[in-house]
Amino acid sequence: MMKSKIECRKIKKGIVSLLFLGVFVVAMALALQSCNQKAKAAVKDKPISDLSIYNLPSKWTNQNGQSIEMKDLKGKVLVMVMIYTSCKAACPRLVADMRNIEQRLPENIKDDVQLVLVSIAPEVDTPKRLKTFAVENKMDSNQWFFLRSTEENTREFAAVLAVNYKKIAPLEFSHSNIISVFNADGELVYQQEGLGVNSDPTIAKITEEAQKLN
Amino acid sequence: MLQRKVVLFSFLLGIGTSLWAQQTPMVSIKRGTYVPLYGTTDRKPVAIAVFEMDVYPVTNAQYLAFLKKYPEYSRSKMKGIFADKSYLSHWESDFNYGKNNLDNAPVTNVSWFAAKKYCECQGKRLPTMDEWEYVAMADEKRIDARTKEAFNRYIMSWYEKPKTFANPIGQTFKNYWGVYDMHGLVWEWTADFNSIFLSGESRKDKDTDKNLFCGSGSVNATDLMNYAAFMRYAFRGSLKAKYTTRNLGFRCAKDKVALVKPIQNLR
């Protein structure tokens, strides 16, 4: 009896320590697994950062009538400007600045860059009109997006870009001349302010951000 | 025992909060026209359609009630793109404005994004700058008191007073429309605050930099003597949507919907 009791205890101890060991192993395995999963997730589907424009829920329509959200552009370096197509003063020069930037980008990064023109006059700049404008200005390849949304979403987007604008006559707006560069995570990394300024730093920044992707 | 006390306390706090957090009453603002300080190229009067305006700015207690419903806008959860680091920094914690802030003091240190979201969640919106200025030009008796010296003196004397943001709402004068605190308490966000074009150097002969802003040279102050309004425009012009400061709060407005009563009856 005594012997068997002692053995019983031993066995019990053994079982308990085995259990502990088992729990420990399982826990370790789980921890490792979750680490692995996290690492994979970080590469595949990195969470949207606090400062990213992908946090904006607004919906937009492009020049081809397709509906998009900002986060659909995730993974590309974005070069953005706000314009309106009936503008006769600064916008043609801003548009020229954008085209100039595009032309001077190194060939090997062009696929990683999206150039986006956002309309501040959504009621007149219909997708059809934006398309015509794109074709007229030879900006109709896949690299170019012309976007419009509601007045409210446009006002909010301008707020994010620190672009000011005001309607000063029926087809005339006063607006800031700012070209903004966003990295692939949607974070603002550079702004070129003014008209006809030297675009070298802008191009350098775009190139730097795009090369991080390769 | 302690638990009971805690429960009782939070229950009372809850009641207190909900009492303070009642929706702000609104008044109807009749349609009209006014010539803004900075307006259109032709300097014609701007038409203001009929709308409704909150009688008071939004308070700490009301904002807390909003945060409890939308915790993603609480201090620790707020995304950096929507508000800078000083967002609600004078509060004690995420869901507590602390003893140093009155329930019925205007909430400040809120960004434009936060203010906009708050109003949307009440079924309202931020007033436009023109709507805000239109209401703000009224004194106790007149719709437009901008040429009255005493009125301008009152506003200017407020600009010199420190820390009025800590005062409760509703202690300044009730204007022609029945609206309080347009002057004398805090500065307020407007929906289109980012439609102003002033360069940092306002003493230059041209008050804007033509190279930075398209079409800017054509809009000038209609009334350079209106220094009080100029201060407001200059302040707005210096803001970015994610900025938060201690003396900047907000109130909400709403389109005036015809046939309000039948809609209420349906509910």
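## A tour that starts at Ile120(A)

Select Ile120(A): this residue counts as buried because 22 other C-beta atoms lie within 10 Å. (Buried means 20 or more other C-beta atoms within 10 Å of a residue's own, exposed 12 or fewer, and partly exposed in between, with C-beta atoms placed from the backbone.)

Before moving on, a word on what you have open. This is a predicted model, in which local features need pLDDT of at least 70 and side-chain atom pairs count only at pLDDT 80 or more, while totals for chains, interfaces and linings use all residues. Residues are numbered from 1 along each chain as its sequence is written, and chains are lettered from A and ligands numbered from 1 in the order in which they are written.

**Around Ile120(A).** Show the backbone, and you will find Ile120(A) in the loop between strand E4 (113–119) and helix H3 (127–136) of chain A. Helices (H or I, at least four residues) and strands (E, at least two) are DSSP runs, numbered from the N terminus. Next, select what Ile120(A) touches, not counting residues up to four places away in sequence: Met82(A), Tyr84(A), Thr154(A), Ala158(A), Tyr165(A), Phe173(A) and His175(A). Contact here means C-beta atoms, placed from the backbone, within 7 Å. Then pick Lys166(A), which is 46 residues from Ile120(A) in sequence and 9.1 Å away in space, C-alpha to C-alpha.

**All of chain A.** Zoom out to see 5 helices and 9 strands in chain A. From the N terminus, their order is α-β-β-β-α-β-α-β-α-β-β-β-β-α. Chain A has 214 residues, and 33% of them count as buried. Of its contacts between residues at least 6 apart in sequence, 67% join residues at least 24 apart.

**Where the chains meet.** Which residues should you colour here? Chain A brings 28 residues into contact with 22 residues of chain B. Helix H4 (151–161), strand E6 (165–169) and strand E7 (172–176) of chain A each supply at least two residues of that side of chain A, and E7(A) gives the most, with 5 residues. By type, this side of chain A holds 15 nonpolar, 8 polar and 5 charged residues. Ala, Val, Leu, Ile, Met, Phe, Trp, Tyr, Cys and Pro count as nonpolar, Asp, Glu, Lys and Arg as charged, and the others, Gly among them, as polar.

**Last stop, chain B.** Select E1, E4 and E8 of chain B for an open sheet of 3 strands, ordered E1-E4-E8 with antiparallel pairing. Its edge strands are E1 (26–29) and E8 (253–255), each pairing on one side only; strands pair if DSSP finds at least two bridges between them. Finish at Met53(B), which stands opposite Ala253(B) in E8(B).

Methods: Contact = placed C-beta atoms within 7 Å.
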